[in-house]
Amino acid sequence: MNSFGRFFRVHIFGESHGEGTGICIDGCPEGIPLSLDDFTADLNRRKSGARGTTPRIEADMPEILSGVYRDCTTGAPITILFRNENTRSSDYGRFMAVPRPGHADFSGYKKFNGFNDPRGGGHFSGRITLGIVAAGVVAKKIISPVNIEAVLAKVGGSEDIQAKIEEVLAENDSVGGLIRCRISGLPAGTGNPFFDSVESVLSHILFSIPGVKGVEFGAGFDAANMKGSEHNDSFVSPEGETLTNNAGGINGGISNGNDITVNIAVKPTSSIGREQKTFNFETREMDVLKAGGRHDACIALRIPVIVEAASAIALADLLFAKK
Ligand SMILES: Cc1cc2nc3c(=O)[nH]c(=O)nc-3n(C[C@H](O)[C@H](O)[C@H](O)COP(=O)(O)O)c2cc1C
């Protein structure tokens with residue numbers, strides 16, 4: 001549904017072109033210093049404006065509606081709202097009849113029997129990740145000194161990110177990207193075997209980020225090509241430090257004290273300004289669609305901070321569960 005976590009629980013709400021979007025955080029302990037300024041750095045990292053991102057610019061000003069008093073959390077649910085101010089809904093009218101290939105117009109219509117809000121992608125929009133970034137700011141404080149750093153490593157398979165962006169912009173196309181995330185300082189012994197393994201919980205929330213199509217830990221899919229003698233990470237210290245980190249810091253679903261390493265594959269934006277052949281569900285014939293609206297040519301540019309936030313939320317939940 002729209003909630004994640006058991007002990008540090010977040011609940012997202014909103015649409016791209018509705019009144020606004022936000023998050024409600026339950027289970028945050030009292031007494032954590034929290035002011036509006038704390039959100040600025042991470043919200044700015046998610047903002048559009050750079051080459052290859054959408055021309056839709058929003059203020060993204062958080063409004064804290066509950067759970068904070070005199071710049072400290074109170075222990076009550078924290079509700080954070082972001083109002084939508086810069087919408088242009090007329091761009092989306094055609095997508096009911098001619099759903100965008102790769103987007104959620106068709107599957108969302110089927111799921112909600114046509115009652116879904118199609119404007120700007122509605123509840124499927126990347127705009128809903130604003131609340132995740134805001135909750136991530138709170139979660140990062142809770143899990144400190146655990147540190148999470150995510151960076152965009154490649155776009156379209158190339159490390160020359162700017163050149164690749166210019167290439168697809170010139171072609172009126174979009175492009176995917178690879179994000180590398182490293183979590184350091186997570187105490188050994190966090191997580192569980194089976195269903196609540198560190199991999200399961202982290203990948204559950206990472207796959208919830210719109211556009212994420214792949215998540216791998218440590219050597220990931222390369223493990224399938226390796227021998228045990230290559231993949232095994234030998235222990236080299238009493239703290240459990242390992243010589244290599246092919247397991248990505250996780251054995252049996254439980255952290256082993258080494259860095260958790262995660263790669264995240266982000267698909268190319270589905271809305272593209274090029275003509276695409278696709279089905280018209282009104283005329284019941286093949287048609288040509290050129291997606292209007294304002295879109296990111298490369299959503300991966302804006303996702304590293306969302307990956308950090310989502311990971312922080314998952315780790316806060318796992319660490320509270322451990323307590
Ligand atoms: C920050 C962010 C911005 C996004 N911007 C766009 C966009 O401008 N156009 C678009 O088609 N998809 C965009 N997406 C991706 C869609 O929301 C996503 O592809 C769609 O909901 C379908 O989900 P899926 O790709 O996970 O299957 C964005 C995602 C994120 C996280």
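D196 is partly exposed, because 15 other C-beta atoms lie within 10 Å, where buried stands for 20 or more other C-beta atoms within 10 Å of a residue's own, exposed for 12 or fewer and partly exposed for the range in between, with C-beta atoms placed from the backbone. The structure is a predicted model, in which local features need pLDDT of at least 70, side-chain atom pairs count only at pLDDT 80 or more, and totals for chains, interfaces and linings use all residues. Residues are numbered from 1 along each chain as its sequence is written.

**Two loop residues**

- D196 belongs to the loop that lies between β9 (177-184) and α5 (198-206), where helices are DSSP runs of H or I with at least four residues and strands are DSSP runs of E with at least two, numbered from the N terminus.
- Not counting residues up to four places away in sequence, D196 touches G191 and V201, a contact being two C-beta atoms, placed from the backbone, within 7 Å.
- D196 and I254 are 58 residues apart along the chain, and their C-alpha atoms are separated by 9.3 Å.
- M226 is found in the loop between β10 (212-217) and α6 (228-231), and M226 is exposed, since 12 other C-beta atoms lie within 10 Å.
- Leaving aside neighbours within four places in sequence, M226 is in contact with A219 and H231, while M226 and P101, 125 residues apart in sequence, are 36 Å apart in space from C-alpha to C-alpha.

**The five-stranded sheet**

- An open sheet of five strands follows the order β1-β2-β3-β7-β4 with antiparallel pairing, and two strands pair if DSSP finds at least two bridges between them.
- β1 (3-4) and β4 (63-66) stand at the edges with a single partner strand each, so one side of each is left without a neighbour in the sheet.
- β1 and β2 pair in the antiparallel sense over two bridges, with S3 opposite H11 in β2; their hairpin has four residues between the strands, and in this hairpin G5 takes a positive phi near 100 degrees.
- Along β2 (residues 9-14) the side chains alternate, V10, I12 and G14 pointing to one face and being buried, while R9, H11 and F13 point to the other and are not buried.
- β2 and β3 (residues 20-26) run antiparallel and are joined by six bridges, G14 stands opposite T21 in β3, and the two strands form a hairpin with five residues between them.
- β4 is joined by three bridges to the antiparallel strand β7 (residues 78-83), where T79 is the bridge partner of S66.

**Packing of α1 against α7**

- The axes of α1 (residues 37-46) and α7 (residues 304-322) come within 7 Å and cross at roughly 130 degrees, where axes are lines fitted to C-alpha atoms, for helices over the stretch in contact, and angles run from 0 to 180 degrees between N-to-C directions.
- That crossing makes α1 oblique to α7, given that angles under 35 degrees count as roughly parallel, over 145 as roughly antiparallel, 65 to 115 as roughly perpendicular and the rest as oblique.
- D42, R45 and R46 in α1 meet V305, I306 and A309 in α7, and the residues of this contact divide into three nonpolar, no polar and three charged, with Ala, Val, Leu, Ile, Met, Phe, Trp, Tyr, Cys and Pro counted as nonpolar, Asp, Glu, Lys and Arg as charged, and the others, Gly among them, as polar.
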